[in-house]
Amino acid sequence: MEVLSADSAVGFYKVIGTSFSTPLTANTAAQIQKKYPTIRAQTIKVLIINGASLKNIQFDNDVKNLQSKIAGHGLVNPFGSLNSSDNEITFVIEDEIMPGKMKVFP
């Protein structure tokens, strides 16, 4: 994440770092937990990852193969993490699957 900040001793400056994205992602997690109070932490993580997108992160073609290694799952989208759209639906089934077993949800 790139942030434009101000320091009275230095003036305006640009800083890049993942630490700036932490409070924004934590806010998204808090919004999900507020909407679904009994949801598990692991499910919150999955909703945030599934709502993220790489489409707004542009890489040159010669380094495009590094995009997912550098940008991970992309930018967190609070709306996409919390809601379904006309073209996509997210539903949550919190259950356990034992090793060697399979469950089918029609």
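**Exercise 1. Find which residues make up the largest nonpolar core of this predicted model, and which helix gives the largest share.**

Step 1. Start with the criterion: a nonpolar core is a set of buried Ala, Val, Leu, Ile, Met, Phe, Trp, Tyr and Cys residues joined through side-chain atoms within 4.5 Å. Buried means under 20% relative accessible area, exposed over 50%, and partly exposed in between (1.4 Å probe, protein chains only).

Step 2. The largest such core has six residues: Ile32, Ile39, Ile44, Leu47, Ile48 and Leu82.

Step 3. Helix H2 supplies the largest share of this core, three residues.

Step 4. Now look at the surroundings of Ile44, taking a contact as heavy atoms within 4.5 Å. Leaving out residues up to four places away in sequence, Ile44 touches Ala29, Ile32, Gln33 and Ile39.

A word on conventions: the model is predicted, so local features need pLDDT of at least 70 and side-chain atom pairs count only at pLDDT 80 or more, while totals for chains, interfaces and linings use all residues. Residues are numbered from 1 along each chain as its sequence is written, and side-chain values use heavy atoms, with hydrogens and water left out.

**Exercise 2. Locate Leu66 and describe the nonpolar surface patch that Leu66 helps to form.**

Step 1. Leu66 sits in the loop between helix H2 (41–51) and helix H3 (67–71). Helices (H or I, at least four residues) and strands (E, at least two) are DSSP runs, numbered from the N terminus.

Step 2. With a relative accessible area of 34%, Leu66 is partly exposed. Patch members need over 30% and no salt bridge; nonpolar side chains (Val, Leu, Ile, Met, Phe, Trp, Tyr) are joined within 5 Å, like charges within 9 Å.

Step 3. Val63, Leu66 and Ile70 form the patch, with about 240 Å² of accessible area together (Shrake-Rupley method, 1.4 Å probe; for residues, only the protein chains shown count as cover).

**Exercise 3. Identify the partner of Lys103 in a salt bridge, and say how exposed each residue is.**

Step 1. The criterion is a side-chain nitrogen of Lys or Arg within 4 Å of a carboxyl oxygen of Asp or Glu.

Step 2. Lys103 pairs with Asp95, and their closest N and O atoms are 2.9 Å apart. The structure holds one salt bridge.

Step 3. Both residues are partly exposed: Lys103 at 38% and Asp95 at 41%.

**Exercise 4. Judge where the predictor's confidence is lowest and where it is highest.**

Step 1. Use pLDDT, the predictor's confidence in each residue, from 0 to 100. The protein's mean is 81, and 82% of its residues reach 70 or more.

Step 2. Confidence is lowest in strand E1 (residues 2–7), at a mean of 62, and highest in H2, at 92.
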